Amino acid sequence: MNDLSMARTAPKAGFDVNAVRRDFPILSQQVNGKPLVYLDNGASAQKPLTVLDAMDRYYREMHSNVHRGAHTLGDRATTAFEGARETVRAFLNAGSTEEIIWTRGTTEAINLIANGLAARLKPGDEILLSHMEHHANIVPWQMIAERTGATVIPIQVTPAGELDLDSFNSLLGEKTRVLALTHVSNVLGTINPVASLIKQAKARGVITVIDGAQAVPHFQPDVQALGCDFYMFSAHKLFGPTGVGALYGRKQLLEEIPPYQGGGEMIERVTFDRTTWNVLPYKFEAGTPPIAEAVGLGAAIEYLGGLDRAAMEASEEALLTRANELVETVPGMQVIGTAKHKVPVMSFKIEGLHPSDIGTLLDQQGIAIRTGHHCAMPLMDFYGVPGTARASFAFYNTIAEVEQLFTALQKVQRLFA
Ligand code: PMP
């Protein structure tokens, strides 16, 4: 699916979707009298039993605060928590756990970086992002631009939903200080060619920030191969719990930028005259962290490491291929986002139907999709729509579920025709 997604683990060969589904207890339930078909994975994915068990076991057997070192439970909690950090490091292929910061999620990570870079920005500087960004990768930069006098500039998108590389080439210039790009669009499913864009930006000394929220559920990025300065994702989209995410940052830059929040844990020494910061990564982790959640994220990554990545990605691709084949069976259906390189996400509209009506009628048939602007209003404006309906697939979805979606859409379309 992506040249940087090669699995680094040694997984079981092959991919049995029915066996995998048994690992996700929430999937085998009825909703509105129908078997649940969960196609809202882009908003938040479901959790395997191993994640639930790891968090349960953590609370049953080892919970205490971390890094206090005074007793056995504290040591157990710290070992589990720091073990999860190592798991994230290996997942992203970062060079060191000093470069892995726990955050509340992608949004907090981007805010942390935007605030950290504020002191480097001055009037006239440019922050380059794209027209397909999630609000989480637009608004924090707008807030910093307002504070510093810098300007936020969007790279254009083509009608197919790919980054317009001519636009990128013409905008990347002398004044560019930051390039903040999504690896994968949450609306379009487009996989952006971030590796080459990072290379171009780095050649000009531009700081590169990659939003990996929608990439990591589908392939495994390698931050060293990408060469980015910062990369972030949320656990809840990666089959882990809510409330936690990870930020990778290049060590030298993390050393240089100031802390985001002040409090316990992030200090070396506090006096009323002068306070000094803790070493990495703790400098950016003020207060008691989400310990059980970090452990849950570690378990989610370990679960994924036990699957055959290549077979899993092929299975996801088959879902998208089947969905694309079936589009013409729904009169008036139009897919928004037809990029050549895509993850299995399908945004669409159906002539004469409001996206929220599509969502409600599908829900009555047990099918969960997302409708609305997907926190990407500039992209909605670009396509001239108030919102779209979006089916976003995960590796545990089946071809039969794709077919059920389209049978249901045909029904909805007939009802309103
Ligand atoms: N970026 C992208 C591309 C996303 O899809 C999302 C979540 N929809 C976010 C950022 C924000 O993630 P979170 O709400 O978990 O912080």
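This tour moves from the whole chain to one sheet and the helix that lies across part of that sheet.

The model is predicted, with local features needing pLDDT of at least 70 and side-chain atom pairs counting only at pLDDT 80 or more, while totals for chains, interfaces and linings use all residues. Residues are numbered from 1 along each chain as its sequence is written, and side-chain values use heavy atoms, with hydrogens and water left out.

Begin with the whole chain selected, which holds 14 helices and 17 strands (DSSP runs numbered from the N terminus, helices being H or I of at least four residues and strands E of at least two). Of its 417 residues, 56% count as buried, meaning under 20% relative accessible area with a 1.4 Å probe, protein chains only. Along its principal axes, the C-alpha trace spans about 70 × 55 × 35 Å.

Next, select strands S13, S14, S17 and S16, which in that order form an open antiparallel sheet, where pairing requires that DSSP find at least two bridges between two strands. Strand S13 (333-336) and strand S16 (370-372) each have a single partner strand, so one side of each is left without a neighbour in the sheet.

Now narrow the selection to S13 and S14 (residues 345-350), which pair in the antiparallel sense over four bridges; here Ile336 has Ser347 in S14 as its bridge partner.

Finally, add helix H14 (residues 399-416), which lies across S13, S14 and S17 (388-392) and runs at about 15 degrees to S14 (angles run from 0 to 180 degrees between N-to-C directions, the axes being lines fitted to C-alpha atoms, for helices over the stretch in contact, and contact meaning heavy atoms within 4.5 Å).

Notes:
Buried < 20%, exposed > 50% of the residue type's maximum accessible area, 1.4 Å probe, protein only.
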